[in-house]
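Reader: I have a new structure open and would like to learn how to read it. Could you take me through some of its features, one at a time?

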Amino acid sequence: MGVVTAVTLAIKGATVLLGKVAIVPILIAALAYFNYDLMDPENHPKVTTQLRKEYDFVVIGGGSGGTVVVNRLTENPEWSVLLLEAGGHETEVTDVPILSIYLHKSKVDWKYRTQPQDSACQAMIDRRCCWTRGKVLGGSSVLNTMLYIRGNRRDYDQWESFGNPGWGYDDVLPYFKKSEDQRNPYLARNTKYHSTGGYMTIQDAVYNTPLGVAFLQAGEEMGYDILDVNGEHQTGFAFFQYTMRRGTRCSGSKAFIRPIQLRKNFHLSLWSHVTKILINPQTKKAYGVEFIREGRKEVVYARKEVILSAGAINTPQLLMLSGVGPKQHLQEMGIPVIHDSPGVGQNLQDHIAVGGLSFLIDYPISIVINRMVNLNSALRYAITEDGPLTSSIGLEAVGFISTKYANQSDDWPDIEFMLTSTSTSSDGGSQVKKAHGLTDEFYENVYDSISNHDLFGVFPMMLRPKSRGYIKLRSRNPLDHPLMYHNYLTHPHDVDVLREGVKAAIAFAETSSMKRFGARFHSKALPNCRHIPMFTDEYWNCLIRQYTMTIYHMSCTAKMGPPSDPMAVVDPELRVYGVAGLRVIDASIMPTITNGNINAPVVMIGEKGSDLIKKQWLSRRKRDNVTIFGS
């Protein structure tokens, strides 16, 4: 990234946060940026204005899965590929790591909200959880916190045990490595688990507060090792690694689309809202896609396959709108049934954490937004590509721990600590409160007294939920958001595990490593839980249902499984049951959610799914050639 670009980007970021930067420097930087940007080798990919009527492959959704698929399929110059994405381009602001929370509820967010339910999200407006999803080229990789976590060996071996050959850990590890460009020299040397030269840059933080090292020391005090959580073992503590490149976000678009934008067999259509997959009701074959672009309905045809990479919400919605889904529900909606697939939209899984667990400290070392984001930090970001603007909203370290409900002798932890040098009140009650959908009353009651104070946060995230949600159509109108039912904490096991995660977080702050900063729990009783004695199991059970924070890992809504599984939507080759020429390649296909943040697994699914497509079509061409030669 050029210095002028960086200066502009950083100043824009500071302006968004503080609104205090003088107008003259912004204008000078903007003019310089305009001239520089004309030659920027990482400029936005060009949109194809005149689309062909037909392509070999039509990919729906330019997120972490779809961007990989498009990249790998266009490696074959004989195949034409069109990518349809409902959103537009990334902006300079999306590049700045510390600003990711400011992208929530912006124009690059689908702005989904779940239906009101009593089991969780009681502190949110209308008791509805906010599900941020990326409506932009790059998808949710443009809005996320860039955390690179692959999951656990046991996750993938379990997928295989469900009847999905080829999806065990040893099978998928090469696909994690295929996309990886590991910038930590120590990890890069461990070639069994890591690699360099892939499209996606993985790097350590370029900026940490003194709390970062203390988090690891506290983990050691609790009896855990410091290790590579993406290596041989997962249980333990580590600094987070990020999908970042020289201090800026390395999204799916930047990693996989920008390098291929000059391929002649690649076409890109942005601001293209897909409304339906065209399926022949007689042959049960997908042959095209209907979408809205610039206010007009358009149709494009696929010679070989339609690939659905729209994510765990839009993918089941599109399948149902196209006649593939639970028969009774489709009939209720007045949609002709192409294939009765009862698993579409079911099996919804997500990772939730308890939000807002805050621990005050006595030293001015944490990331307090109004103090640390200023013109000086913007210039530091521009010139040396480090400083607080490169912080992923304070996320510094990770801990994978096992509660009493996990097998202590097994390396399959059930809680992930996301350890931050910020918390809900670090921005004075502005954007975090809005992004999470907290009511004014809840924020003022619990956090007003510590707004802009120095503190750290512990987000205990439950890794293997047993609760299952679902998605249904609201109507036949493809522009209507679907109905989303999270069903968080409806299984008693989830309540038990998350409660123990909260107790472990309290214990973490009691270690001498954290106490030397004066760490103390902000123990303000939550409004709906005041009638229960604090620090009891009953109090924690109440607390976790208040500020229930999604980690935005919606998945499993079109799960992969063998033909014997009536709820499986796709087979182990990711082909949709009952419909030829249609595949799903995104987080929807997970049978169960992985043990950690899911962006890296979705990229892996994109890599493996692309190879499955290549294998099928190249072997088919080989057979055809043999037949022709033999005749």
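Reader: Let me start with a loop. Where is leucine 574 found?

Author: Leucine 574 lies in the loop between β25 (548-550) and β26 (582-584). Keep in mind as we go that this is a predicted model. The backbone of leucine 574 has a positive phi of about 70°, although the residue is not a glycine.

Reader: Is leucine 574 buried or exposed?

Author: Buried means under 20% relative accessible area. Leucine 574 has a relative accessible area of 0%, so it is buried. Now look at glutamate 294, which is not a glycine either and has a positive phi of about 55°. Glutamate 294 sits in the loop between β13 (285-293) and β14 (296-308). With a relative accessible area of 66%, glutamate 294 is exposed.

Reader: Thanks! How do I describe two helices that pack together?

Author: Two packed helices are described by the angle between their axes and the distance between the axes. Here, take helix α5 (residues 153-161) and helix α6 (residues 169-179): their axes come within 8 Å and cross at roughly 120°.

Reader: What does that make α5 and α6 to each other?

Author: They are oblique, because an angle of 65 to 115 degrees would count as roughly perpendicular and one over 145 as roughly antiparallel.

Reader: Which residues of α5 and α6 meet?

Author: From α5 come Arg153, Tyr156, Asp157 and Glu160, and from α6 come Tyr169, Asp170, Asp171, Val172 and Phe176. Sorted by class, this contact of α5 with α6 has four nonpolar, five charged and no polar residues.

Reader: I see aromatic rings in that list. How do I read a ring pair?

Author: A pair of aromatic rings is described by the distance of the centres and the angle of the planes. In this model the count comes to 27 aromatic pairs. For tyrosine 156 and phenylalanine 176, the ring centres are 5.9 Å apart and the planes stand at 70°, so the pair is edge-to-face. This pair links distant parts of the chain, with tyrosine 156 in helix α5 and phenylalanine 176 in helix α6, 20 residues apart. Tyrosine 156 is buried at a relative accessible area of 0%, and phenylalanine 176 counts as buried at 2% relative accessibility.

Reader: What kind of aromatic pair do phenylalanine 535 and tryptophan 540 form?

Author: Theirs is edge-to-face, at 5.6 Å centre to centre with 85° between the planes. Phenylalanine 535 counts as partly exposed at 48% relative accessibility, whereas tryptophan 540 counts as buried at 2%. Both belong to a cluster linked by ring pairs, whose members include Phe215, Phe417, Phe456, Phe535, Tyr539 and Trp540.

Reader: Let us turn to strands. How do they join into a sheet?

Author: Strands of a sheet pair through backbone hydrogen bonds, either parallel or antiparallel. One open sheet here has three strands in the order β5-β6-β8, with mixed pairing. Its edge strands are β5 (180-182) and β8 (241-242), each pairing on one side only. Strand β6 (residues 200-204) pairs with β8 in the antiparallel sense over two bridges. Glutamine 203 has tyrosine 242 in β8 as its bridge partner. Helix α6 packs on this sheet, touching β5 and β6, and its direction makes about 65° with that of β5.

Reader: And how do I read the two faces of a strand?

Author: In a regular strand the side chains alternate between the two faces of the sheet. Try strand β20 (residues 415-420), where six of its six residues are buried. Ile415, Phe417 and Leu419 lie on one side and Glu416, Met418 and Thr420 on the other, so both faces are covered.

Reader: Which strands pair with β20?

Author: Strand β19 (residues 395-401) runs antiparallel to β20 and is joined to it by six bridges. In that pairing, phenylalanine 400 stands opposite glutamate 416. Strand β21 (residues 455-462) also pairs with β20 in the antiparallel sense, over six bridges. There, isoleucine 415 has methionine 462 as its bridge partner.

Reader: How many residues of helix α3 are buried?

Author: Ten of the ten residues in α3 (residues 64-73) are buried, among them Ser64, Asn71 and Arg72.

Conventions: Residues numbered from 1 in each chain as written. Predicted model: local features only at pLDDT ≥ 70, side-chain atom pairs only at ≥ 80, totals over all residues. Heavy atoms only, no water. Axes fitted to C-alpha atoms, helices over the stretch in contact; angles between N-to-C directions. Helix = DSSP H or I, 4+ residues; strand = E, 2+ residues; numbered from the N terminus. Parallel < 35°, antiparallel > 145°, perpendicular 65-115°, else oblique. Contact = heavy atoms within 4.5 Å. Nonpolar A, V, L, I, M, F, W, Y, C, P; charged D, E, K, R; others polar. Pairing = 2+ DSSP bridges. Buried < 20%, exposed > 50% of the residue type's maximum accessible area, 1.4 Å probe, protein only. Phe/Tyr/Trp six-rings, centres within 6.5 Å; stacked < 30°, edge-to-face > 60°.
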